[in-house]
Amino acid sequence: MMKWALDSSFKPGVRLNYRIAESKASAPVDFLQNETSGPYPQRPHITIPNAHERLKKGLHHFLGDKAQWIPAYDEVAEWLTDNRGRGLLCVGTSGLGKTIICEKILPVILGRKVPAVKATEMRAKVNDLLKERIVIIDGLGREPAKYYGNPDDSFYQLCDAAEQNGNLLIITTNLSTTPVNDPRYPLSIQERYGNEVISRLRSIVRAIEFKGKDMRK
């Protein structure tokens, strides 16, 4: 992982000599800058140079010869170049690289440890996730709507934190952004979570639709 990150930033074959030492003199440089413009406080601002090439190298690293490039990846690269203080919502059917990109590649490109959870784990881990600056949620909509008869409000809490505190959400889902008559999308985000959530998502994330054939086949 370190080799791929270095190759993507410099050139293939670069060597790294290092030693591990403890130091409290200064904090590590963080590419995240607080975006103070607009109605939301301290919004993480991501600006990654050469994002297109880094994303492409990441796909080849994890998928090898099976790696394919689809138009949605150009939009992900644009988001990495300047996210404008917004999170990322990757929408689409299975087998289009949403999970590989969000769970595997983006944390390496961002250069920081980002907590990633399956949607089915949100309820159990929501208190810890609310403390994080960036959170990756994979498979939104797969979690049960209710636990022991009570509605699961974990995603509502995470959306609230993103809107009120500027936390950044990176989400993958097979749900559609709007109701559609398509058997590949069993529900829309609006139908599953309601108008309030879809309204908040419009203001805190950039939605990218992944289209194409299942690349696993």
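A pocket, for this tour, is an open set of grid points with protein on both sides within 12 Å along at least five of seven lines, and its lining residues have an atom within 4 Å of a point. Keep in mind that what you have open is a predicted model.

**Stop 1: the largest pocket**

Select Gly95, Leu96, Gly97, Ile100 and Arg216. Of the 19 residues that line the largest pocket, these lie nearest its centre. The pocket's volume is about 360 Å³. Now colour α4, β5 and β8, since each of them supplies at least two residues of the lining. Which element gives the most? That's α4, with three residues. If you colour the lining by class, expect nine polar residues, five nonpolar and five charged.

**Stop 2: the largest nonpolar core**

Stay with α4 (98-110), β5 and β8, but look at their other role: each gives two or more residues to the largest nonpolar core, as do α2 (51-63), α3 (71-81), β3 (87-92) and β9 (205-210). This core has 30 residues, and Leu80, Ile101, Leu106, Ile170 and Phe210 are the ones with the most contacts inside it. In general terms, nonpolar side chains tend to be buried together in soluble globular proteins.

Pick Ile170 and show what surrounds it. What does Ile170 touch, leaving aside neighbours within four places in sequence? The list is Trp79, Leu88, Cys102, Leu106, Ile134, Val135, Ile136 and Ile137. Leu106 turns up again here as a contact of Ile170.

Then select Leu89, Cys159, Ala162 and Ile198. They are among the 24 residues of another core, which lies apart from the one you've just been in.

**Stop 3: helix α6**

Cys159 and Ala162 take you to α6, where both are buried. Select residues 154-165 to get the whole helix: twelve residues, reaching 16 Å from first C-alpha to last, close to the 16 Å expected at 1.5 Å a residue. Besides Cys159 and Ala162, its buried residues are Ser154, Phe155, Leu158, Ala161 and Glu163. What covers them? The cover includes α5 (122-129), β5 (134-140), β8 (168-173), α7 (189-193) and α8 (195-204). Step just past the end of the helix and you reach Gly166, which has a positive phi, near 85°.

**Stop 4: the cavity**

Keep Ala162 selected and add Arg43, Gly85, Asn167 and Ile204. These five lie nearest the centre of the largest cavity, which is lined by twelve residues. Both β2 (43-45) and β8 give two or more residues to that lining. The volume is about 60 Å³, and the count of cavities of 30 Å³ or more comes to one. By class, the lining has six nonpolar, four polar and two charged residues.

**Stop 5: two loop residues with positive phi**

Finish by looking at a pair of backbone angles. Asn50 sits in the loop between β2 and α2, and its phi is positive, about 55°, although Asn50 is not a glycine. Is Asn50 buried or exposed? Its relative accessibility is 54%, so Asn50 counts as exposed, the cut-off being over 50%.

Now jump to the loop between α3 and β3, where you'll find Arg84. Arg84 isn't a glycine either, yet it has a positive phi of about 55°. With a relative accessibility of 65%, Arg84 counts as exposed.

Conventions. Residues are numbered from 1 along each chain as its sequence is written. This is a predicted model: local features need pLDDT of at least 70, side-chain atom pairs count only at pLDDT 80 or more; totals for chains, interfaces and linings use all residues. Side-chain values use heavy atoms; hydrogens and water are left out. Helices (H or I, at least four residues) and strands (E, at least two) are DSSP runs, numbered from the N terminus. The expected span of a helix is 1.5 Å times one less than its number of residues. Buried means under 20% relative accessible area, exposed over 50%, partly exposed in between (1.4 Å probe, protein chains only). Contact means heavy atoms within 4.5 Å. On a 1 Å grid over the protein atoms alone, a cavity is a set of points where a 1.4 Å probe fits but cannot get out, and a pocket is an open set with protein on both sides within 12 Å along at least five of seven lines; lining residues have an atom within 4 Å of a point. Grid points are joined across faces, edges and corners, and a volume is the space filled by probe spheres set on the points. Ala, Val, Leu, Ile, Met, Phe, Trp, Tyr, Cys and Pro count as nonpolar, Asp, Glu, Lys and Arg as charged, and the others, Gly among them, as polar. A nonpolar core is a set of buried Ala, Val, Leu, Ile, Met, Phe, Trp, Tyr and Cys residues joined through side-chain atoms within 4.5 Å.
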